[in-house]
Each structure stands twice: as C-alpha cells, then as structure tokens.
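I opened this notebook to record what I looked up in one structure, taking a hairpin, two helix pairs and a few single residues in turn.

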Amino acid sequence: EAQEMVDKWYAARPEVLKWQAEAKAMAKKKGISRTLMGRYRQIPEAQSENRMLKGHGERASINTPIQGGAADIAMMAMNKINSSKLLQRLGWILLLQIHDEVILEGPEETAEEAFHEVIRCMEAPWVYGLDETAVPLLVDGSFSHKTWYDAK
C-alpha cells in the first residue's frame, strides 16, 4: 500500500524522478553532488560496489541539493539582511539564525518597516548572479513579539 502511494506520487511528478536519476548519475560518475550556489559535497560512496554504501551515496546525492540549497538560500538572505541600508538606517541588526528563521533586534518604533524589509530580503535573496527559483519563496513572520520564545 505504501509503495502504491509512492508510485502514484512519482507518476504525478515525473520531473522529480528524472531529477533524482540525474543527481544519482552525477554522483556515480563524478563522486559529487552540488547545491544551488554550486557548492559541492564529495560522495565517494555513490561510486562504491558495496550496495549499502552505494545506496547511502545515492540518497546523499538527492539530499545534498535540497538541504544544501536551503542552506544557500538562508545564507544569501542573511547576507542581504545584514547589508540592507534600510535596516541599518532603522537601527536593526541580525542577531541569530536558527534553521530558516532569523532574529533581529532594533527599536520598536521602526519594527513594522524593518519587518517588511526583512521579508523582502528573504523572499528575494538572489545575489551573486543566481537566477530566481521557478517556485516563489514565501516568507511569514512576526514583529509583535519581544522574545523568540513568545513568538513560538
């Protein structure tokens, strides 16, 4: 039953299966996988004759672009937030990043304007000549909480 559900999911999204096959083939041929920004991870296991190691390498070749791409996007967004002249002028600084969340500190009277600038930076983090993704990045957040704990 579970396999049937997976098969139906892939049948509705053949491009995912194609992309996964390409990622596995690159890892098998070159022993690497790349992220959105072109960072690479060596995956020698994908070239192994050992089935267990090879399976691990194939899964890593699929996971690396996804998790690494998310890290690339977060890094670009933080760079954009950190270099935002508007946020600097408003007195806001980036304090912390936790996974896909950022925490900033600044004066309450400019919180709403700073919040909208942070959203703008996170929804369009594209720097270093990278093209936007085909799927828009949607960001939500809040500026009404005084602590991260309260926001959760």
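I began with strand E3 (residues 93-98) and strand E4 (residues 101-105), which pair in the antiparallel sense over five bridges; two strands count as paired if DSSP finds at least two bridges between them. Helices (H or I, at least four residues) and strands (E, at least two) are DSSP runs, numbered from the N terminus. This is a predicted model, in which local features need pLDDT of at least 70 and side-chain atom pairs count only at pLDDT 80 or more, while totals for chains, interfaces and linings use all residues. Residues are numbered from 1 along each chain as its sequence is written, and side-chain values use heavy atoms, with hydrogens and water left out.

Within the strand pair I looked up Ile93, and its bridge partner in E4 is Glu105. The hairpin of E3 and E4 has two residues between the strands, and I noted His99 in that loop. Phi of His99 is near 55°, a positive value in a residue other than glycine. Is His99 buried or exposed? With a relative accessible area of 70%, His99 is exposed, where buried means under 20% relative accessible area, exposed over 50%, and partly exposed in between (1.4 Å probe, protein chains only).

Next I turned to helix packing. Two packed helices are described by the angle between their axes and the distance between the axes. Helix H3 (residues 51-82) packs with helix H5 (residues 111-123) at an angle of about 140°, and their axes are 8 Å apart. That angle makes H3 oblique to H5, since angles under 35 degrees count as roughly parallel, over 145 as roughly antiparallel, 65 to 115 as roughly perpendicular and the rest as oblique. The axes are lines fitted to C-alpha atoms, for helices over the stretch in contact, and angles run from 0 to 180 degrees between N-to-C directions.

I then listed the residues that meet: Ala77, Lys80 and Ile81 on the H3 side, and Val118, Arg120, Cys121 and Met122 on the H5 side, with contact meaning heavy atoms within 4.5 Å. The residues of this contact of H3 with H5 divide into five nonpolar, no polar and two charged; Ala, Val, Leu, Ile, Met, Phe, Trp, Tyr, Cys and Pro count as nonpolar, Asp, Glu, Lys and Arg as charged, and the others, Gly among them, as polar.

Cys121 came up again when I checked Ser84, which lies in the loop between H3 and helix H4 (85-90). Leaving aside neighbours within four places in sequence, Ser84 is in contact with Glu117 and Cys121, and at 5% relative accessibility Ser84 counts as buried.

My second helix pair was helix H1 (residues 2-12) with helix H2 (residues 14-30), whose axes come within 4 Å and cross at roughly 95°. H1 is therefore roughly perpendicular to H2. Here Trp9, Tyr10, Ala11 and Ala12 in H1 meet Pro14, Val16, Leu17 and Gln20 in H2, and the residues of this contact divide into seven nonpolar, one polar and no charged.

I followed Gln20 of helix H2 further. Gln20 is buried, with a relative accessible area of 13%, and beyond its neighbours within four places in sequence it is in contact with Tyr10 and Ile62.

Last, I looked up Ala70 in helix H3, which is partly exposed at a relative accessible area of 44%. Ala70 and Thr35 are 35 residues apart in sequence and 8.7 Å apart in space, C-alpha to C-alpha.
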